[in-house]
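Colleague: I should like a close look at a single part of the model shown below, written for a first-year student. Please explain each term when it first appears.

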Amino acid sequence: MGTKQEEGSVLEAQRTNVQPPRMYKVLLLNDDYTPMDFVVVVLQRFFAMNKERATHIMLQVHNEGRGCCGVFSRDVAATKVEQVNAFARNHQHPLACVMEES
């Protein structure tokens, strides 16, 4: 006994013009109170940087007022911003982490 194929059961693929998701930079902003060593720890812990790379970004934050920690999708960037800001507050540092569209 064969199976009977219902009329209209074949689905046709439709072409869609899907845009890649918007990406967001996660930035650390300089302040006069957060210790440099703490910034290096944040970069290593939340952005998986080695000590050399983390130190380079920390110095960029210190000298230029801000430094890019990475570029991520919106949800990942927002989560990292929230995690870093909470971690800084829990350690009583005013370090600010923000995101902006890339």
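Modeller: Helices (H or I, at least four residues) and strands (E, at least two residues) are DSSP runs, and each kind is numbered from the N terminus. In these terms, F72 is found in strand 2, which covers residues 66–73, and this residue is where the close look begins.

Some conventions are needed beforehand. The model is predicted, so local features need a pLDDT of at least 70 and side-chain atom pairs count only at pLDDT 80 or more, whereas totals for chains, interfaces and linings use all residues. Residues are numbered from 1 along each chain as its sequence is written, and side-chain values use heavy atoms, with hydrogens and water left out.

F72 has a relative accessible area of 19% and is therefore buried; buried means under 20%, exposed over 50%, and partly exposed in between, with a 1.4 Å probe and protein chains only. Leaving aside residues up to four places away in sequence, F72 touches R22, M23, Y24, V26, F47, A77 and K80, where contact means heavy atoms within 4.5 Å. One of these partners, M23, is 49 residues from F72 in sequence, yet the two C-alpha atoms are 5.4 Å apart in space.

A second residue to set beside F72 is S102. The two are 30 residues apart in sequence and 9.0 Å apart in space, C-alpha to C-alpha. S102 is found in the segment after strand 3, and it counts as exposed because its relative accessible area is 54%. With residues up to four places away again left out, S102 touches M23, Y24, K25 and V71.

M23 belongs to the stretch of strand 1, residues 23–29, and L29 has its place in that strand too. The relative accessibility of L29 is 28%, so this residue counts as partly exposed. Beyond four places in sequence, L29 touches V61, G65, R66, L95, A96 and V98. L29 and M58 are 29 residues apart in sequence and 9.8 Å apart in space, C-alpha to C-alpha.

From here one can turn to the helices. Two packed helices are described by the angle between their axes and the distance between the axes. The axes are lines fitted to C-alpha atoms, for helices over the stretch in contact, and the angles run from 0 to 180 degrees between N-to-C directions.

M58 lies on the helix 2 side of the contact with helix 1: M36, V39, V40, L43 and Q44 of helix 1 meet K51, A54, T55, I57, M58 and H62 of helix 2. This contact has seven nonpolar, three polar and one charged residues. Here Ala, Val, Leu, Ile, Met, Phe, Trp, Tyr, Cys and Pro count as nonpolar, Asp, Glu, Lys and Arg as charged, and the others, Gly among them, as polar. The axes of helix 1 (residues 36–47) and helix 2 (residues 51–64) come within 9 Å and cross at roughly 125°. Helix 1 is therefore oblique to helix 2; angles under 35 degrees count as roughly parallel, over 145 as roughly antiparallel, 65 to 115 as roughly perpendicular, and the rest as oblique. The crossing is right-handed: the near helix is turned clockwise from the far one by less than a right angle, while an anticlockwise turn would be left-handed.

F47, a partner of F72, takes part in another helix contact. F38, V42, R45, F46 and F47 in helix 1 meet K80, Q83, V84, F87 and A88 in helix 3, and these residues divide into seven nonpolar, one polar and two charged. Helix 1 and helix 3 (residues 74–90) pack at an angle of about 145°, with their axes 11 Å apart. Their crossing is right-handed.

The loops also deserve a glance. A48, in the loop between helix 1 and helix 2, has a positive phi of about 50° although it is not a glycine. Because its relative accessibility is 71%, A48 counts as exposed. In the loop between helix 3 and strand 3 (96–101) lies Q92, whose phi is also positive, near 60°, in a residue other than glycine.

The close look can now be placed in the whole chain. There are three helices and three strands, which follow the pattern β-α-α-β-α-β along the sequence. Of the 102 residues, 31% count as buried.
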